[in-house]
Amino acid sequence: MICILVLVYVHVPPWDASLDVSNPFDLLFATLREAFARTSVPLLSVLSGYLLVATERARSHAERINRKIRSLIVPLLLWNLIAAALNLALGDLPPTNILGWFDRLLALRGTPLVTPLYFLRDVFLCVLLYPALLIAVRRAPSTTILILAVLATLGILDSLFITPLILVFFVAGVSIANGNFPVRYVPSMPVALILFLPIAALSVDWSIHGATSGALLAIPAGAEEIAMRFLLLLQRLAGALLFWQIAVWASNSALRPLILGIEPFVFFFFCSHALILNAAWRGLALLGVEYADPAYQFFFVTAPLTSLALSMIGASMLLRLTPKFLRLLCGGRLPQWAKPLPRDAIRAS
C-alpha cells in the first residue's frame, strides 16, 4: 500500500511542468515525483515474483496463465475501456484504427490509456516467461539478474517490455522466494537511506537540469541515455531496499490495523487513481487553477490520500450496486471492509 501511495505522485497532472530549482515547490514536486514515486514500483515487481512462487508453485503453467489472465489482463482491458468511454464522452480523439484501439486497451506496443496499468501487462509477460526464468534462477540466480539488468540498461529488452526493469526485479522476487537471497541480507533502514539519498539527489538534479548539464554531475553529450538508464537501475534498486524497510516498519507499528483495513482496496486504488487524478485536474482547469497556484500545490501534496479516499468510496459503492463487475475490475478480488482485529490478536501478530 505504501508503495502505491507514493507512486501516485508520478501520475498527478500536469506532466510537462517547467521546473525551477530555486522555487521551493518545484523542488518538492521534483523530489516527490522523481526521487520517491519512481522508486516505489520495483518493490511491487519483487513482490509479484515472490508471490508467484509462493502461491502458484503447485500449479501447471497453463493453470497459472489462466489465473493471471483473470487477475491481470481482464482488469487491464476493463479499466482501459472505462478510460476510453470517458475520453469519448469528453471529446478526446480516439485511436484511428483497430490496431490502435487494441494497442491502447491492452498495451500491446506501448502504454495503455490508463498509464500505470502497463505494470499489469509487463508482469503478465513475466508470468509467461516464468518457466524459463525459474530454470535460469535455479542454476545461476546472480548471473541471471546481472544479465537481465545489463540488457535492460542497454535497451535491448525495450521491444518486449514497456519498463524492462520490471523483469529484473520480478526475477529478484523469484530468487528470494527460492531462497537464493535470504531476506536477512537486506540492509537496515539507516544503510538503505544512506544508499538511496545521493542517488535520489542526482535523479532530481537531472530531472531539472538534464543529464548533460547537471549541477551535481554532468554527463558528456551522447552518453546521456545510457547514463539515465543506469541511474534509474541504481535508483530503483536503492528504492526497493528503502521501501522494503519502510514496509517492515509500518507493518510492526501502530499503523498496522489501518493498513490491514485498507489493504483489500489497494488493487482498486492502483487501477483507478490515474482516472481520479485526471478528472480532478480537468475540474481544477475549468476553475482556472494552474500549476503555480496554491490550490494546485495543495492538490499535488494531498493527491495520494485524496485519491485513496475517493477510490475506496467508489469501490464501496460498486460493492453495493454491482459486486460481480467490481470483482472483474479487481481481477477476481472483491474489496470490502475488513473486520478489525482484536487488540490482543494485533499484539500477538
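**Exercise 1. Ile65 and its contacts**

Task: Find which residues Ile65 is in contact with, leaving aside its neighbours within four places in sequence.

Solution.
- Step 1. In this predicted model, Ile65 is in contact with Phe124 and Leu128 once neighbours within four places are set aside.
- Step 2. Place the residue. Ile65 sits in helix α4, which covers residues 61–89.
- Step 3. Place the partners. Helix α6 runs over residues 118–128, and Phe124 is among its buried residues.
- Step 4. Try a distant pair. Ile65 and Leu305 lie 240 residues apart in sequence, and their C-alpha atoms are 34 Å apart in space.

**Exercise 2. The surroundings of helix α6**

Task: Decide how many of the 11 residues of α6 are buried, and name what covers them.

Solution.
- Step 1. The cut-off for buried is under 20% relative accessible area.
- Step 2. Count: 10 of the 11 residues of α6 are buried, so the rest of the structure largely encloses this helix.
- Step 3. Name them. The buried set is Tyr118, Phe119, Leu120, Arg121, Asp122, Val123, Phe124, Leu125, Cys126 and Val127. Charged side chains appear in this set, including Arg121 and Asp122.
- Step 4. Find the cover. It includes α3 (41–56), α4 (61–89), α5 (98–106), α7 (130–139), α9 (165–177) and α13 (266–286).
- Step 5. Check confidence. Among the elements of the protein, α6 has the highest mean pLDDT, 97.

**Exercise 3. Cys271 and Ser71**

Task: Are Cys271 and Ser71 buried or exposed, and what do they touch?

Solution.
- Step 1. Cys271 belongs to helix α13. Its relative accessibility is 0%, so it counts as buried.
- Step 2. Beyond four places in sequence, Cys271 is in contact with Trp79, Val114, Leu117 and Leu120. Leu120 is one of the buried residues of α6.
- Step 3. Compare a C-alpha distance. Cys271 and Phe161 are 110 residues apart along the chain and 19 Å apart in space.
- Step 4. Ser71 lies in helix α4. At 9% relative accessibility, Ser71 is buried.
- Step 5. Not counting residues up to four places away, Ser71 touches Phe267, Gly331 and Arg333. Phe267 falls within α13 (266–286).

**Exercise 4. Arg104 and Ala285**

Task: Assign Arg104 and Ala285 to an exposure class.

Solution.
- Step 1. Partly exposed lies between the 20% and 50% limits.
- Step 2. Arg104, in helix α5, has 30% relative accessibility and so is partly exposed.
- Step 3. Leaving aside neighbours within four places, Arg104 is in contact with Asn80, Pro95, Thr111, Pro112 and Leu113. The C-alpha atoms of Arg104 and Ser18 are separated by 27 Å, with their positions 86 residues apart along the chain.
- Step 4. Ala285, in helix α13, has 42% relative accessibility and is also partly exposed. Ala285 and Tyr296 are 11 residues apart along the chain, and their C-alpha atoms are separated by 9.8 Å.

**Exercise 5. Backbone details in two loops**

Task: Which peptide bond is cis, and what is phi near at Ala107?

Solution.
- Step 1. The bond from Pro13 to Pro14 is cis, with omega near -5 degrees. Pro14 is in the loop between α1 (2–7) and α2 (24–36).
- Step 2. Phi of Ala107 is near 55 degrees, a positive value in a residue other than glycine.
- Step 3. Ala107 sits in the loop between α5 and α6. With 0% relative accessibility, Ala107 is buried.

**Exercise 6. The whole chain and its confidence**

Task: What do the totals say about the fold, and where is pLDDT below 50?

Solution.
- Step 1. Count elements: 17 helices and zero strands. The radius of gyration is 21 Å, close to the 20 Å from the globule rule for 349 residues, so the protein is as compact as a globular protein of that length.
- Step 2. Check packing. Buried residues make up 45% of the 349. Of the contacts with a separation of 6 or more, 76% join residues 24 or more positions apart.
- Step 3. Look at the surface. It comes to about 17800 Å², and 68% of that belongs to carbon and sulfur atoms.
- Step 4. Place the charges. There are 25 positive and 17 negative side chains, with the centres of the two sets 18 Å apart.
- Step 5. Read the confidence. The mean pLDDT is 89, and 95% of residues reach 70 or more. Helix α17 (residues 343–348) has the lowest mean among the elements, 40. Over residues 338–349 the pLDDT is below 50, and this stretch has eight contacts beyond near neighbours in sequence.
- Step 6. Apply the caution. Where pLDDT is low, predicted coordinates should not be read in detail.

Note on methods:
Residues numbered from 1 in each chain as written. Predicted model: local features only at pLDDT ≥ 70, side-chain atom pairs only at ≥ 80, totals over all residues. Heavy atoms only, no water. Helix = DSSP H or I, 4+ residues; strand = E, 2+ residues; numbered from the N terminus. Rg over C-alpha atoms; globule rule 2.2 N^0.38 Å. Buried < 20%, exposed > 50% of the residue type's maximum accessible area, 1.4 Å probe, protein only. Contact = heavy atoms within 4.5 Å. Areas by Shrake-Rupley, 256 points an atom, 1.4 Å probe, with all protein chains shown as cover. Charge placed at Lys NZ, Arg CZ, Asp CG, Glu CD. pLDDT = per-residue confidence, 0-100.
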